[in-house]
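Me: I have a protein model open on my screen and I'd like to learn how to read it. Can you walk me through a few features?

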Amino acid sequence: MKILYYIYQICFALPILLVLTILTALVTIVGSLIGGAHIWGYYPGKIWSQLICVFLLIPVKVRGWEKIQKHTSYVFVPNHQGAFDIFLIYGFLGRNFKWMMKKSLRKLPFVGKACESAGHIFVDRSGPKKVLETIRQAKASLKDGVSLVVFPEGARTFTGHMGYFKKGAFQLADELQLEVVPVTIDGSFQILPRTGKWIHRHRMILTIHDPIPPKGQGIENIKATMAEAYAAVESALPEEYKGMVKNEDQ
């Protein structure tokens, strides 16, 4: 069955998905210029992500939609298992949001320009002024119910285990006094791990946990929220992926 799935990928699914990716990028770029990024920066990417899962025969299950409110802005903090995290979040979170992503992704053909047109936020850590500019852009995006998605580990796992959370997303939530929503991704690591070359068919589960409201403001609130978010995300992982791997490169 694996060999048949590899043949299906090469001969059918991947050519179609390449065309879909280019078309989605072009629609996002043109639509954002004409009609605004609020709609065109989200829905084409959502449909593209769902179609990728459909054409690659990947089943998806979502838990916890009822825990988040429609017109409320949140900071979502999922674990980062692999490349398919993007499709799971974009396609199935069910909320209009902006990504906070690495500056290097801007260089990707078509996709980088589409992300820029959609208003996604590229993190530039080259100096204090650039960091402040990133924060200002994030603040401007978090309105009218639009949320922010940040991978607090900063990089994909090598082992399936979670790495340390960085403070950036939690500092922003603290400054704006927004609720943080932990999100657990399970299954993406089995589909395409960081060192993998082939896509493997495996189900993905997206678990949305209870929002964590601010408990004050300042460093103690940031630390408490980080610890609570980490525990919540880890709680929905399979037992084999619980517990941090100390020597994992983050």
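Me: Let's start inside. How many residues does the largest nonpolar core have, and which of them have the most contacts inside it?

Reply: Keep in mind that this is a predicted model. To find a core, you look for buried nonpolar residues joined through their side chains. Here the largest one has 36 residues, and Leu56, Phe84 and Ile89 have the most contacts inside it.

Me: Which elements give two or more residues to this core?

Reply: On the helix side there are α1 (2-35), α3 (43-55) and α4 (85-92). The strands on the list are β2 (74-78), β3 (97-102), β6 (179-186) and β7 (204-208). Helix α4 provides the largest share, 5 residues.

Me: Say I click on Ile89. What is Ile89 in contact with, leaving aside its neighbours within four places in sequence?

Reply: You'll find Pro78, Phe97, Trp99, Val149, Val183, Ile185 and Leu206. And don't stop at this core: apart from it lies another, of 24 residues, with Val77, Leu148, Ala229 and Tyr230 among them.

Me: Phe97 and Trp99 both have rings. How do I read aromatic pairs, and how many are there?

Reply: Check how far apart the ring centres are, then the angle between the planes: under 30 degrees is stacked, over 60 is edge-to-face, and the rest are tilted. The count here comes to 17 aromatic pairs. Take Tyr90 and Phe97: their centres are 5.4 Å apart and their planes sit at 55°, so that pair is tilted. Phe97 also pairs with Trp99, at 5.0 Å centre to centre and 85° between the planes, which makes this pair edge-to-face.

Me: Are those three rings buried or exposed?

Reply: Buried means under 20% relative accessible area. Tyr90 is buried because its value is 8%. Phe97 is at 0%, so it counts as buried, and Trp99 is buried at 4%. Zoom out a bit and you'll see one aromatic cluster formed by Tyr42, Tyr43, Tyr90, Phe97, Trp99 and Phe151.

Me: Now the outside. Which residues make the nonpolar surface patch of about 510 Å²?

Reply: For a patch, you look for nonpolar side chains that are accessible and lie within 5 Å of one another. In this one they are Met1, Ile3, Leu4 and Ile7. Ile7 sits in helix α1, and it is partly exposed because its relative accessible area is 45%.

Me: What about helix faces? Which residues of helix α7 are buried?

Reply: An α-helix has 3.6 residues a turn, so residues three or four places apart point the same way. In α7 (residues 168-176), the buried residues are Ala169, Phe170, Leu172, Ala173 and Asp174. Just after α7, Gln177 takes a positive phi of about 55°.

Me: Positive phi is something I'd like to look at too. Where are Leu57 and Phe110, and what are their phi values?

Reply: Look at the backbone angle, then at where the residue sits. Leu57 has a phi near 60°, positive in a residue other than glycine, and lies in the loop between α3 and β1 (60-63). Phe110, also not a glycine, has a positive phi near 65°, and its place is the loop between β3 and α5 (111-118). Leu57 is partly exposed, with a relative accessible area of 40%. Phe110 is partly exposed too, with a value of 40%.

Methods. Residues are numbered from 1 along each chain as its sequence is written. This is a predicted model: local features need pLDDT of at least 70, side-chain atom pairs count only at pLDDT 80 or more; totals for chains, interfaces and linings use all residues. Side-chain values use heavy atoms; hydrogens and water are left out. A nonpolar core is a set of buried Ala, Val, Leu, Ile, Met, Phe, Trp, Tyr and Cys residues joined through side-chain atoms within 4.5 Å. Buried means under 20% relative accessible area, exposed over 50%, partly exposed in between (1.4 Å probe, protein chains only). Helices (H or I, at least four residues) and strands (E, at least two) are DSSP runs, numbered from the N terminus. Contact means heavy atoms within 4.5 Å. Patches are made of residues with over 30% relative accessible area and no salt bridge: like charges are joined within 9 Å, nonpolar side chains (Val, Leu, Ile, Met, Phe, Trp, Tyr) within 5 Å. Accessible areas come from the Shrake-Rupley method with a 1.4 Å probe; for residues, only the protein chains shown count as cover. A salt bridge is a side-chain nitrogen of Lys or Arg within 4 Å of a carboxyl oxygen of Asp or Glu. Rings of Phe, Tyr and Trp (its six-membered ring) pair if their centres lie within 6.5 Å; planes under 30 degrees apart count as stacked, over 60 as edge-to-face and the rest as tilted.
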